[in-house]
Amino acid sequence: MDATPLLALIAGSAVVAGFARRTPIPAPLLLVAVGIAASFVPGVPEYALDPHIVLPLLLPPLLHTAALESSYLDLRANLRPVAFLSVGYVLFATVIVGWVVHLVVPGLPLTSALVLGAVIAPPDAVAATAIARRLGLPPRITAILQGESLVNDATAITAYKVALAAAVGEGASWSAGVLEFVVAAVGGVGVGLLLMVPMHWLRTRLKEPILQNTLSLLIPFVAYATAEYVHASGVLAVVVVALFIGHRSWKVDFGTRLQEAAVWKMVSFVLESAVFALIGLQLPVVLAGLGPYKGWEAVGYAVVVFLVVVAVRFAWVFPATYLPRLLSERIRRREPDTTVAAPVIVGWAGMRGVVSLAIAFSIPMTAEGEPFPGRNLILFLTFTTVIGTLGVQGLTLAPLIRALKVPGRDVYAQTLAEAQAQSEASTAAEARLDELLADTANALPGPLEDRLRTVLERRRNAVWERLGAVNEETGESADETYRRVAREVIDAERAVFVELRDTRRIDDEMLRTLLRRLDLEEAAGWREE
């Protein structure tokens with residue numbers, strides 16, 4: 001097996017994603033554009049998207065990282081809008097898009113059109129998270145978009161299976177479809193609930209960070225595979241377990257958290273970059289199999305589908321935002337008031353991604369062994385919809401937010417809340433320190449006791465200092481100057497350790513021990529932040 005194409009994909013996508021961080025263009029859009037351009041370069045291998053790899057091997061870790069970065073409390077607080085989007089909207093889009101495509105494309109069976117509707121119904125978790133993170137959207141909008149994108153794949157995959165069963169002649173009724181959806185949803189949540197406690201228990205019992213992080217990497221695959229084995233939703237199982245683990249991440253060892261954050265950040269970066277590059281690289285594969293649909297006819301269908309997808313989302317989002325509030329006093333009391341800007345942004349932030357393409361590529365033959373009706377056209381329309389939503393909506397979302405004058409995160413209010421939280425924590429820590437030092441078993445020399453108290457005082461003051469005066473010469477707050485000086489002091493120590501190793505006064509093993517100690521101190525902000 002030649003691993004060169006895979007290595008080239010990972011390295012090339014990482015380079016492009018790294019370059020995107022130095023440009024105003026979101027990384028997903030630049031990766032897709034470069035992927036399209038690279039697909040026509042002679043010598044570039046054909047990267048055919050294999051759904052048997054994307055769904056069980058790429059989707060679980062991507063969903064896991066997105067769920068870990070989400071807030072269980074925010075998701076629970078916004079459960080109604082998230083459910084309306086992740087379930088109601090996906091089913092609504094499946095039916096409406098499928099019906100319109102059936103009317104527009106001559107000879108395309110309604111069942112095949114519904115398959116297309118299910119394939120392109122769900123906005124992508126990776127795209128939504130990447131765009132929201134880059135733009136700094138208001139917290140509630142970000143929570144709704146992230147919550148929707150975590151759950152909607154399960155709805156779309158189930159709707160796809162029902163429509164596919166009808167299209168290939170296996171028979172499917174509305175009652176059977178509803179039953180399959182309920183079984184998949186309840187089963188996926190059930191598997192997640194069964195696995196989350198023992199997984200978390202095992203994480204807290206393992207004492208070595210390397211073993212804990214190995215388990216962390218396995219968890220999404222175990223959850224997904226277990227749920228799929230019992231014909232439940234692997235997507236929901238992964239999300240439930242990840243939300244539970246993320247909500248209780250503070251219970252594991254600090255070394256594990258440091259390593260885990262670095263590991264998952266790297267995994268997320270590599271997979272997200274490769275996934276968006278793969279989207280662009282699919283163009284030759286899609287065009288080669290387009291079949292009888294050529295030229296402007298196919299382009300016309302693509303434009304119609306894109307416009308319908310955009311219109312259907314707005315047609316759902318606005319009533320789902322305002323009707324429940326109009327009809328229910330309880331909802332008006334529980335949920336904050338919203339302006340027209342919020343549903344406009346949620347409606348426009350409907351980028352599709354690799355999951356839609358992976359589902360489309362998984363369309364099989366019919367029960368009689370004949371080619372699936374309209375399969376090539378479905379692939380093409382899925383690809384163009386993904387590219388269209390990423391390109392048009394992704395590029396215009398930031399200008400739209402600016403035009404609507406949507407306030408971003410209030411940095412001052414967040415810093416103030418952080419300072420108040422740190423003050424309360426430091427007060428509790430000082431009380432506990434006094435309690436411990438009152439016991440003669442914990443007696444410490446004066447300098448060490450003073451150091452502990454200085455550390456606590458430093459933590460209390462650090463955040464408040466960010467709200468205070470700025471150094472006129474450097475433009476830094478006192479806290480920023482402190483951290484910069486602390487890093488330079490640590491760098492001076494590190495340089496001495498390296499010199500001692502180079503002159504053979506200490507060996508490499510001792511160097512690694514000393515450097516790790518400094519690294520941990522630097523990661524913790526010299527243990528005083």
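How are helices H3 and H10 oriented to each other? I would like to start there, and I should say at once that what we are looking at is a predicted model.

Helix H3, which covers residues 51-68, packs with helix H10, residues 209-229, at an angle of about 120°, and the two axes are 9 Å apart. Angles over 145 degrees would count as roughly antiparallel and those from 65 to 115 as roughly perpendicular, and H3 and H10 are therefore oblique to each other. As for the handedness, H3 passes H10 in a right-handed crossing. On the H3 side the contact is made by Leu55, Pro56, Leu57, Pro60, Pro61 and His64, while H10 contributes Ser216, Ile219, Pro220, Phe221 and Tyr224. If you sort these contact residues by character, you find 9 nonpolar and 2 polar residues, with no charged ones.

Let me now move to another helix, H16. This helix runs over residues 341-348, and 8 of its 8 residues are buried, so H16 is largely enclosed by the rest of the structure. Going along the helix, the buried residues are Ala341, Ala342, Pro343, Val344, Ile345, Val346, Gly347 and Trp348. What do they pack against? Their partners are four helices, namely H5 (79-104), H8 (139-167), H14 (295-327) and H18 (375-403).

The connection between H14 and H16 brings me to the aromatic residues, since the structure holds 5 aromatic pairs. In one of them, the rings of Phe314 and Phe318 have their centres 6.3 Å apart and their planes at 25°, so this pair is stacked. Both of these phenylalanines lie in helix H14, 4 residues apart, which is about one turn of the helix. Phe314 counts as partly exposed, with a relative accessibility of 23%, and Phe318, at 25%, likewise counts as partly exposed.

Phe314 also pairs with Trp348: here the ring centres are 6.3 Å apart and the planes stand at 35°, so the pair is tilted. Because Phe314 belongs to helix H14 and Trp348 to helix H16, this pair ties together parts that are 34 residues apart in sequence. Is Trp348 buried or exposed? Its relative accessibility is 18%, and since buried means under 20%, Trp348 counts as buried.

Finally, to put these rings into one picture, Phe314, Phe318 and Trp348 join with Tyr322 to form one aromatic cluster.

Technical notes:
Residues numbered from 1 in each chain as written. Predicted model: local features only at pLDDT ≥ 70, side-chain atom pairs only at ≥ 80, totals over all residues. Heavy atoms only, no water. Buried < 20%, exposed > 50% of the residue type's maximum accessible area, 1.4 Å probe, protein only. Helix = DSSP H or I, 4+ residues; strand = E, 2+ residues; numbered from the N terminus. Contact = heavy atoms within 4.5 Å. Axes fitted to C-alpha atoms, helices over the stretch in contact; angles between N-to-C directions. Parallel < 35°, antiparallel > 145°, perpendicular 65-115°, else oblique. Left-handed = near helix turned anticlockwise from the far one by under 90°. Nonpolar A, V, L, I, M, F, W, Y, C, P; charged D, E, K, R; others polar. Phe/Tyr/Trp six-rings, centres within 6.5 Å; stacked < 30°, edge-to-face > 60°.
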